[in-house]
Amino acid sequence: MTQPFRLEFQVRDYELDMQGIVNNGVYFNYLEHARHEYLQAKGVDFAALTRDGIHLVVIRSELDYKAPLKSGDRFAVEVTTERLGKIRFGFRQRVIRLADDKVMLEGLITGTALNERGRPYISPAIESLFEA
């Protein structure tokens, strides 16, 4: 198995809720940013695909919150990909607090690609994510 893509972050105060922990919805932003950076690192130009009429879309998000991040916590988001079917692919993601390597969140984001007519289309760029 290959090493996961890893992107580091730090919690900002405005991401906290009244309890002083990262709001659950903010994790979606962390995960999305890491996916976009992962795609770019793999040579998949998200913006160019969109200009070409290919739209990468999320069709399902499954998140398991293990423990909360707090103000100032440094953490990493890991990303790996897998095929989930002929037209679906998954991004397995984990949020790991750097101070103690504790897994704070595990998630599976399921996506597909649609062509300009809204029909499923897995482009060669996306196929390249699953090559050995």
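**View 1. Phenylalanine 9 and tyrosine 30 are both buried.** In this predicted model, the two ring centres are 5.5 Å apart and the planes meet at 45°, so the pair counts as tilted. Phenylalanine 9 belongs to strand E1 and tyrosine 30 to helix H1, so the contact between their rings ties together parts 21 residues apart in sequence. Ring pairs extend this arrangement into a cluster made up of Phe9, Tyr27, Tyr30, Tyr65 and Phe75. The count of aromatic pairs comes to 8.

**View 2. The rings of phenylalanine 89 and phenylalanine 91 form an edge-to-face pair.** Their centres lie 5.8 Å apart, and the planes stand at 85°, an angle over 60 degrees, so the pair is classed as edge-to-face. Both phenylalanine 89 and phenylalanine 91 are buried. Arginine 35 places its charged end over the ring of phenylalanine 91, at 5.9 Å from the ring centre. On the strand side, phenylalanine 91 in E4 is the bridge partner of threonine 81.

**View 3. Five strands make an open, antiparallel sheet.** The strand order is E1-E3-E4-E5-E2. E1 (5-10) and E2 (55-65) are the edge strands; each has a single partner, so one side of each lacks a neighbour in the sheet. Neighbouring strands are turned against each other by 25° on average, direction ignored. Helix H1 (residues 26-41) lies across E1, E2, E3 (74-83), E4 (89-97) and E5, and runs at about 140° to E1. Strands of a sheet pair through backbone hydrogen bonds, in a parallel or an antiparallel sense.

**View 4. E3 and E4 form a hairpin with 5 residues between the strands.** Their antiparallel pairing comprises 9 bridges. In the turn, glycine 85 has a positive phi of about 160°. Of the 9 residues of E4, 7 are buried, so this strand is largely enclosed by the rest of the structure.

**View 5. E4 and E5 form a hairpin with 4 residues between the strands.** Aspartate 101 in this hairpin takes a positive phi near 60°. E4 and E5 are antiparallel and are joined by 9 bridges. Within this pairing, glycine 90 stands opposite threonine 110 of E5.

**View 6. Threonine 110, in strand E5, is shown with its contacts.** The relative accessible area of threonine 110 is 3%, under the 20% limit, so the residue counts as buried. Apart from neighbours within four places in sequence, threonine 110 is in contact with Val57, Val58, Ile59, Arg60, Leu84, Arg88, Phe89 and Gly90. Gly90, one of these contacts, is also the residue opposite threonine 110 in the pairing with E5.

**View 7. E2 pairs with strand E5 (residues 102-114) at one edge of the sheet.** The two strands run antiparallel and are joined by 10 bridges. Aspartate 64 stands opposite glutamate 106, which lies in E5.

**View 8. The annotated region spans residues 19-100.** The unreviewed UniProt entry labels this stretch "domain: Thioesterase". Over residues 19-100 the chain is 27% helix and 37% strand. The C-alpha atoms at the two ends of this stretch are 22 Å apart.

Key
Residues are numbered from 1 along each chain as its sequence is written. This is a predicted model: local features need pLDDT of at least 70, side-chain atom pairs count only at pLDDT 80 or more; totals for chains, interfaces and linings use all residues. Side-chain values use heavy atoms; hydrogens and water are left out. UniProt positions are given in the numbering used here, feature names are shortened, and annotations may be inferred rather than shown by experiment. Two strands pair if DSSP finds at least two bridges between them. Axes are lines fitted to C-alpha atoms, for helices over the stretch in contact, and angles run from 0 to 180 degrees between N-to-C directions. Contact means heavy atoms within 4.5 Å. Buried means under 20% relative accessible area, exposed over 50%, partly exposed in between (1.4 Å probe, protein chains only). Rings of Phe, Tyr and Trp (its six-membered ring) pair if their centres lie within 6.5 Å; planes under 30 degrees apart count as stacked, over 60 as edge-to-face and the rest as tilted. A charge sits over a ring if NZ of Lys or CZ of Arg is within 6 Å of the ring centre and within 35 degrees of the ring normal.
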